[in-house]
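Here are two warm-up exercises, each with a worked solution. Grab your viewer and try them before reading on.

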Amino acid sequence: MSARTGKVQTVLGLIDPTELGTTLMHEHIVGDYTPPDRRPEPALPITMEERWQMDYEWVVMPGNVNLLAREVALREMQLLAKEGGRSVVEVTTPGLVLDVEGLKMIAEKTGLHIVCSTGRYTQQFMSLSDYGKTVDELVKKFIREIEVGHRDTGVKAGIIGEIGCSWPWTDAEKRSVQAGVATQKHTGAPLTIHPGRNADAPFDIIKLVKAEGADLTRTIMCHVERRLFSVEECVRLADYGCVLEFDVFGSEQSRHSQNVDAGGVDLIMASDGNRIMAIRGLIDAGHVDRVVISHDIAQRTRQRAGGGHGYGHIYRNILPMMRRHGFTENELDAIMVRNPARLLTFV
Ligand SMILES: [Zn+2]
């Protein structure tokens with residue numbers, strides 16, 4: 001039992017879980033997601049004529065995944081607060097560039113509760129020295145970022161992950177997942193994992209996590225709508241006891257920029273309507289306590305400032321759409337309030 005037990009750890013300190021309210025479980029607010037071999041990269045200006053294509057090819061567009069501008073991030077979060085947002089989880093993990101002091105400033109100015117993370121992103125984002133780290137070294141680092149804070153900022157993490165995994169899954173990434181589980185056991189924090197881009201990836205990960213003794217009810221599989229393309233597959237994963245995160249709401253492209261621009265294949269990706277249907281299927285199969293949602297915004301072209309849907313899309317468009325499709329207030333409360341609160345509360 002620690003001071004964190006029964007509390008949620010935000011960038012401004014511990015709060016009671018009842019203070020969270022509606023929560024977006026997977027966002028990037030202020031940080032840089034440009035692959036290290038491209039940094040620093042000057043940003044192309046977003047013009048009306050070019051905006052759509054920049055968004056369509058968002059991975060290769062120079063500067064599009066650099067969200068380090070604090071004043072833009074602040075404005076985006078002010079808009080979210082206006083549209084009903086209360087709490088946001090920033091899942092940017094080291095390897096990506098994370099600005100925890102920017103998050104703190106934004107939380108202070110907006111009144112939003114912001115939870116930041118510890119962990120490690122995919123191998124592509126690891127330095128050579130980072131790549132070789134043992135599980136024990138990683139656990140030590142992750143625990144420090146929860147108990148002491150990031151570097152010398154005093155800003156402490158309230159969630160482990162997104163732990164990044166590629167396909168094929170690399171040994172360094174397996175060690176990150178093992179370290180994530182060990183950190184969960186030691187601290188009682190929730191664990192969230194980004195699976196590689198393959199339908200087998202979530203299952204391979206959940207089997208390892210289970211074998212390592214994770215609490216699956218406190219383990220989130222991210223981006224499921226981009227890995228699993230049928231309700232049956234989603235139910236099969238939920239049957240393990242983990243939480244499925246439909247976290248790319250607002251992205252309605254069938255082109256998978258991360259795949260195609262890396263020389264991979266096109267996928268027929270989920271639209272918001274597909275996401276809602278999959279969630280309906282999970283709830284009908286008895287899994288209402290295993291669903292959370294978000295936007296996973298990591299592109300300037302998805303921010304309001306870049307002409308995108310912004311962080312308020314779920315409030316503005318998706319919750320009304322779910323009500324029109326017959327979701328009950330109790331179901332929406334589970335997805336937006338109760339499940340996030342249960343997950344984010346340290347045990
Ligand atoms: Zn991710």
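**Exercise 1.** Work out how many residues of α6 are buried, and what they pack against.

*Solution.* Start with the count: 12 of the 17 residues in α6 are buried, so the helix is mostly covered (buried means 20 or more other C-beta atoms within 10 Å of a residue's own, with C-beta atoms placed from the backbone). Mind that this is a predicted model, where local features need pLDDT of at least 70, side-chain atom pairs count only at pLDDT 80 or more, and totals for chains, interfaces and linings use all residues. Numbering runs from 1 along each chain as its sequence is written.

Next, look at who's in there: the buried set includes Glu173, Arg175, Val177 and Thr187. Their partners are α5 (135-147), β9 (159-164), β10 (191-194) and α7 (201-211) (contact: C-beta atoms, placed from the backbone, within 7 Å; helices are DSSP runs of H or I with at least four residues, strands E with at least two, numbered from the N terminus).

Last, check just past the end of α6: Gly188 has a positive phi of about 80 degrees.

**Exercise 2.** Find the order of the strands in the open sheet, and say why β3 and β7 each have one side without a neighbour.

*Solution.* The 3 strands go β3-β5-β7, with parallel pairing (strands pair if DSSP finds at least two bridges between them). β3 (23-27) and β7 (113-115) are at the edges with a single partner strand each, so one side of each lacks a neighbour in the sheet.

Now zoom in: 3 bridges link β3 to β5 (residues 87-90), and Thr23 sits opposite Ser87 in β5.

Note on methods:
Two residues are in contact if their C-beta atoms, placed from the backbone, lie within 7 Å.
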